[in-house]
Amino acid sequence: MERRVVITGMGIYSCIGVGKEAVKESLYNGRSGIGLVAGRHEFGYRSALSGIVPLPNLKGKLDRRQRVCLPEEGQYAYVATCEALEQAGIDADYLARHEVGILYGNDSSAQAVVEGIDKVRESGDTAMVGSGNIFQSMNSTVTMNLSVIFNLKGINLTVSGACASSSHAIGIAALLIRNGLQECVICGGCEEVNKYSVANFDALAAFSIREDAPEKASRPFDRSRDGLVPSGGAATLVVESYESAVRRGATILAEVAGYGFSSNGDHISLPNVEGPSRSLRRALDDAGISPREVQYVNAHATSTPVGDANEAKAIDAVFGSHKPYVTSTKSQTGHEMWMAGASEVIYSVLMMQNGFIAPNLNYEEGDEFAQRLNIPDHRVDVEFDTLLSNSFGFGGTNSSLIIRKFR
């Protein structure tokens with residue numbers, strides 16, 4: 001018999017706030033975390049727009065060796081994971097005595113790679129890179145570092161699936177727990193916020209250049225959208241079996257009810273409609289619910305012309321005459337890349353817990369496809385108990401999660 005999978009801890013390090021309380025307030029008040037980053041134009045960027053994320057100070061929290069091995073995104077992930085574990089009521093003694101795993105979404109570690117190679121070029125000596133660089137520069141940097149810092153003994157794996165990475169991490173964790181292979185898994189995703197991390201995206205002209213009003217640049221579903229705004233940080237969830245949560249006396253925040261996935265099998269960067277539609281339907285089937293039971297959809301919608309239109313078509317195809325609220329929290333945060341799936345689950349759960357849906361900022365006039373959806377441009381104060389979160393990525397990887405209040 002498959003076991004139920006519940007969320008008992010959440011931690012968030014985001015451009016709209018560090019910690020759940022600050023993030024909840026930003027969501028409630030529709031506050032944007034997007035600004036301009038000095039020096040990006042001089043470096044060669046078309047767009048200086050970005051989510052603004054402060055670097056944490058980990059002195060006194062981690063020893064020097066631990067800090068040397070952590071890249072920027074790993075620092076965000078550490079802080080988010082501490083918050084999630086604290087809420088879940090899991091301490092160092094519990095981690096030492098139990099088999100807790102980690103599945104984290106990460107698809108690059110650009111700054112460490114660039115800076116390491118630059119040191120070799122400048123010095124002509126690989127020894128000048130330093131012993132910590134290899135642990136910062138590998139895609140698995142976050143899981144390898146956090147597994148050591150937190151003394152984790154379960155599954156230890158990085159999920160690398162472009163902008164669907166952390167959503168897949170949650171879904172795969174749920175599959176492992178359902179089938180009795182793990183009791184508890186730390187999962188989530190992170191993304192660095194520096195001039196190296198997204199230069200190649202800028203090269204594709206993927207970013208908005210609406211720099212006169214940064215808070216208005218991210219415009220999911222709006223007819224005048226001109227590209228995404230890069231962002232980052234980290235989001236961590238503690239997911240475990242219902243039995244484990246009860247045994248520990250943990251507070252259950254929500255249930256991971258369904259996981260859907262698909263591959264477009266098509267263009268490497270342009271999304272289609274059929275692939276995402278299959279992902280949504282698979283999530284509904286996995287949860288054993290009808291489309292009419294979903295009251296809110298947190299869309300992947302990044303503010304790109306083709307991506308938003310095709311997702312709107314997919315949502316309309318799946319939900320038909322039933323019109324759940326649809327918003328993209330990327331209107332406030334920009335596109336948090338590898339962390340987006342996990343952060344958007346946290347944003348959605350915070351809204352579900354507190355009885356509101358954050359506005360789809362900058363939605364002034366929908367295109368012909370967005371007009372088929374129920375997209376509020378203002379906060380909606382409403383109780384809801386079932387939501388769907390979409391995450392799609394380059395290469396046509398799609399992930400959809402259904403989260404509901406535990407009952």
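This briefing describes strand pairing, nonpolar cores, salt bridges and selected residues in the structure above. The model is a predicted one. Strand E9 (residues 254–263) is largely enclosed by the rest of the structure, since eight of its ten residues are buried. In strand E13 (residues 397–404), eight of eight residues are buried. The largest nonpolar core has 72 residues, and a search of the whole structure finds 24 salt bridges.

**Strand pairing around E9 and E13**

- Strand E9 is joined to E13 by eight bridges, and the two strands run antiparallel.
- Within this pairing, Ser-263 stands opposite Thr-397 of E13, and Gly-260 has Ser-400 of E13 as its bridge partner.
- Strand E9 also pairs with strand E1 (residues 5–14), in the antiparallel sense and over two bridges.
- On the E1 side, Ile-7 has Ala-254 of E9 as its bridge partner.
- Strand E13 is joined to E12 as well, by eight bridges in an antiparallel arrangement; here Ser-391 stands opposite Ser-399 of E13.
- E12 and E13 form a hairpin with three residues between the strands, in which Gly-395 takes a positive phi near 85°.
- The residues of E13 point in two directions: Thr-397, Ser-399, Leu-401 and Ile-403 face one way, while Asn-398, Ser-400, Ile-402 and Arg-404 face the other. Both sets are buried.

**Nonpolar cores**

- In the 72-residue core, the residues that touch the most other members are Ile-7, Leu-27, Cys-187, Leu-237, Val-239 and Ile-403.
- Helix H15 gives the most to this core, contributing eight residues.
- Leu-27 touches a set of residues beyond four places away in sequence, including Ile-16, Thr-329, Gln-332, Tyr-347, Leu-350 and Met-351. Phe-356, Ala-358 and Pro-359 are also among the residues that Leu-27 touches.
- Another core, of 25 residues, lies apart from the 72-residue core; among its members are Ala-257, Ile-315, Tyr-363 and Ala-370.

**Salt bridges**

- Side chains of opposite charge can pair when their charged atoms come close.
- Glu-83 and Lys-20 form a salt bridge in which the closest N and O atoms are 3.2 Å apart. Glu-83 belongs to helix H4 (residues 72–88) and Lys-20 to helix H1 (residues 20–29), so the pair ties together parts that are 63 residues apart in sequence.
- Lys-20 counts as buried because its relative accessibility is 13%, which falls under the 20% cut-off.
- Glu-365 and Arg-223 meet through their side chains in a salt bridge of 3.4 Å, N to O. This pair links distant parts of the chain, 142 residues apart: Glu-365 is in the loop between helix H15 (340–354) and strand E12 (386–393), and Arg-223 is in the loop between helix H10 (199–203) and strand E8 (233–241).
- Both partners of that pair are partly exposed: Glu-365 has a relative accessible area of 45%, and Arg-223 has one of 46%.
- A further salt bridge joins the side chains of Arg-372 and Asp-316 (3.7 Å, N to O). Arg-372 lies in the loop between H15 and E12 and Asp-316 in helix H13 (residues 305–319), so that distant parts of the chain, 56 residues apart, are linked.
- Arg-372 counts as partly exposed, at 36% relative accessibility.
- Glu-2, Arg-178 and Asp-286 are joined into one network by salt bridges that share partners.

**Nonpolar surface patch**

- Ile-134, Phe-135 and Met-138 form a nonpolar patch on the surface, and their accessible area together is about 250 Å².
- Met-138 is located in the loop between helix H7 (133–137) and helix H8 (141–149); at 36% relative accessibility, Met-138 counts as partly exposed.

**Surroundings of Arg-40**

- Arg-40 lies in helix H2 (residues 40–43) and counts as buried, at 4% relative accessibility.
- Beyond its neighbours within four places in sequence, Arg-40 is in contact with residues that include Tyr-45, Ser-47, Ala-48, Leu-49 and Ser-50. Val-193, Asn-194, Lys-195, Val-198 and Pro-230 are also in contact with Arg-40.
- Arg-40 and Glu-25 are 15 residues apart along the chain, and their C-alpha atoms are separated by 30 Å.

Definitions and conventions. Residues numbered from 1 in each chain as written. Predicted model: local features only at pLDDT ≥ 70, side-chain atom pairs only at ≥ 80, totals over all residues. Heavy atoms only, no water. Buried < 20%, exposed > 50% of the residue type's maximum accessible area, 1.4 Å probe, protein only. Helix = DSSP H or I, 4+ residues; strand = E, 2+ residues; numbered from the N terminus. Pairing = 2+ DSSP bridges. Salt bridge = Lys/Arg side-chain N within 4 Å of Asp/Glu carboxyl O. Patch = residues over 30% accessible without salt bridge, like charges linked within 9 Å, V, L, I, M, F, W, Y side chains within 5 Å. Areas by Shrake-Rupley, 256 points an atom, 1.4 Å probe, with all protein chains shown as cover. Core = buried A, V, L, I, M, F, W, Y, C linked by side-chain atoms within 4.5 Å. Contact = heavy atoms within 4.5 Å.
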